[in-house]
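Let's take a walk through this structure together, one stop at a time. Keep the picture at hand as you read.

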Amino acid sequence: MSHEITRRDFLKAGAVGLAATSVLGSVGSMNVFAEGNKKQQAGIPFEGKKKFAGIGSCREVTEDVIYVGVSDRRIQLFENVYPIPRGVAYNSYVLLDEKNVLFDTVDRSVTGQFFENLTAVLDGKKLDYLVVNHMEPDHSSAISEVLVRYPEAKVVCTKAASVILNQFFACDISGRSVIVGEGDTLKVGKHTLTFVMAPMVHWPEVMMTYDNVSGILFSADAFGSFGALNGNLFADEVNFEEDWLPDARRYYCNIVGKYGKQVQSVLAKAGGVDIKILCSTHGPVWRKNLGWILNKYSLWSSYTPEDKAVMIVYGSVYGGTESAANAVAAKISQSGVSDVAVYDVSKTHVSELISEAFRCSHIVLASITYNMGIFTPMKNFLLDLEAHNLQNRCFSFIENGSWSPVSGKQMKEIIDRLEGSRVAGKTVTIKSSPSSKDSGALTELATAVSESVLGKSQPEEKAEAAASKKWVCTICGYVYEGDKLPEDYKCPLCGAGVNAFKEA
Ligand code: FEO
């Protein structure tokens, strides 16, 4: 049997499957295939409803694309970082045609159910190809066993995937691999698969695969979500907006959020293609209302707030900073902004905070001063925001310090590094706990935030310069604020002279 792989320009193709192709011929030491659909133009009848009902978690996506993925409800932390109380699904799909194709595998924790599903769906038929859209181990842990169980199967993947696969699993696929690049196609019978490179969505080796018959885009991690599937495979079978959106957002922002530019690039390619179904490696399959989830991805990947909303995050030890945060929340709400949410940075997992920061247009940060810096959990959150490349948000600050409040200045220094960050209002400084003398400043801050949310004022372009300079006593930590440190100044706490002061 002869095989061939073809290459086409995915962008210019418009609707994949319609454009002419040019034959590239063999790849590496082997040829890739297109023999086949002479025998059976009508495709292979799928008997899934009759034969596989009740087998594991199998479900038909279309008449010849079968879901064989598995959900894990035991796992506590995804990537050993993110709490997932609702579990997670590792999605895998089989395409039955003249050549049978498996798209991605599953995490090692669920291989038992996976092979039960795969065996039932193949039902004694050969597996010809394993398409590896994403080789992160939550999708590739079962590859070695697939290759042992199905000795005729070839691995279709990017060059980078083959290298990383070998690094992780000492799995040398050089004799069984088909290396593909942008726009390459593989005919497997009536279906033709087109490979679309998607580097850094979420790893560098990622690609997506488009099936011209079903209009399915096998999208790797894109359009995925945390959460186990409960028999309902399709997003239209659940109340996605109410029950799944928070986990879908948290998944995107934390896993792929840093790579907005790369996601935008793939969305631009997808714009010219007739996609009917989105099959991600996690979470429900999208076959209806695709525009809704595509719009969410457009917002998230362009760092555009989803909602005109205020997120107030506080780091507090003895309650003073919390009290100030609550006061500002009440005043903002009273000004007519209904979407206000307050979070204790010490008690809220940082992945929830990152997700909420991607949703909200305005973020108020309130932190105590701790070890002459930002309260550690708050600093961790802000550095995580920076790591996830959050952009285009409006920030406001409350700092607390019983003797040397410096957290506001230091929070601003981090926020200043975020592209498109702006500031509403002047930083409020409280000493230990808010008192009646702070009420005016807190009200002013709340007014500035609410007017910005409601479009009544424009926030400053960047974090405002500190109102005055600060010098820190290196003996006791006391902070002097002013334009200039007086030459005869003595620290009111420890009595040290000017030589003990350092500019903060
Ligand atoms: Fe689900 Fe990037 O792996």
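The paragraphs below visit a strand, the cores, and two single residues. Bear in mind that this is a predicted model.

A good place to begin is strand β23, which spans residues 394–400. Seven of its seven residues are buried, so the strand is mostly covered, with buried meaning under 20% relative accessible area. Look at how its side chains are arranged: Cys394, Ser396, Ile398 and Asn400 point one way, while Phe395, Phe397 and Glu399 point the other way.

β23 also has strand partners. With strand β21 (residues 360–370), β23 pairs in the parallel sense over seven bridges. Here isoleucine 363 has phenylalanine 395 of β23 as its bridge partner. With strand β24 (residues 422–423), the pairing is again parallel, over two bridges. Phenylalanine 395 turns up once more, as its bridge partner in β24 is valine 423.

From here, turn to leucine 365. Leaving out residues up to four places away in sequence, leucine 365 touches Val313, Met378, Phe381, Leu382, Phe395, Ser396, Phe397, Ile398, Met411 and Ile415. Leucine 365 is also one of the residues with the most contacts inside the largest nonpolar core, which has 127 residues. Others with the most contacts there include Val61, Phe114 and Met378. Helix α7 (residues 240–256) gives this core its largest share, nine residues. Apart from this core lies another, of 22 residues, with Val428, Ile430, Leu445 and Val449 among them.

Next comes threonine 321, in helix α10 (residues 320–334). Is threonine 321 buried or exposed? Its relative accessibility is 0%, so threonine 321 counts as buried. Beyond its neighbours within four places in sequence, its contacts include Tyr314, Ser367, Asn400 and Ile430. Alanine 366 is another contact; 45 residues separate the two along the chain, yet their C-alpha atoms are 6.4 Å apart. Asparagine 400 brings us back to β23, and its side chain joins that of threonine 321 in a polar contact of 3.1 Å.

The last stop is aspartate 138, in helix α4 (residues 137–140). How far away is the nearest side chain of opposite charge? That side chain belongs to arginine 108 and is 11 Å away; aspartate 138 is buried yet has no salt bridge. Its side chain does make a polar contact of 3.1 Å with the side chain of histidine 139. Not counting residues up to four places away in sequence, aspartate 138 touches Phe78, Tyr90, Thr105, Val106, Asp107 and His282.

Technical notes:
Residues numbered from 1 in each chain as written. Predicted model: local features only at pLDDT ≥ 70, side-chain atom pairs only at ≥ 80, totals over all residues. Heavy atoms only, no water. Helix = DSSP H or I, 4+ residues; strand = E, 2+ residues; numbered from the N terminus. Buried < 20%, exposed > 50% of the residue type's maximum accessible area, 1.4 Å probe, protein only. Contact = heavy atoms within 4.5 Å. Polar contact = N/O pair within 3.5 Å; in protein donor to acceptor, adjacent residues only side chain to side chain. Core = buried A, V, L, I, M, F, W, Y, C linked by side-chain atoms within 4.5 Å. Lys, Arg positive; Asp, Glu negative; His and termini not counted. Salt bridge = Lys/Arg side-chain N within 4 Å of Asp/Glu carboxyl O. Pairing = 2+ DSSP bridges.
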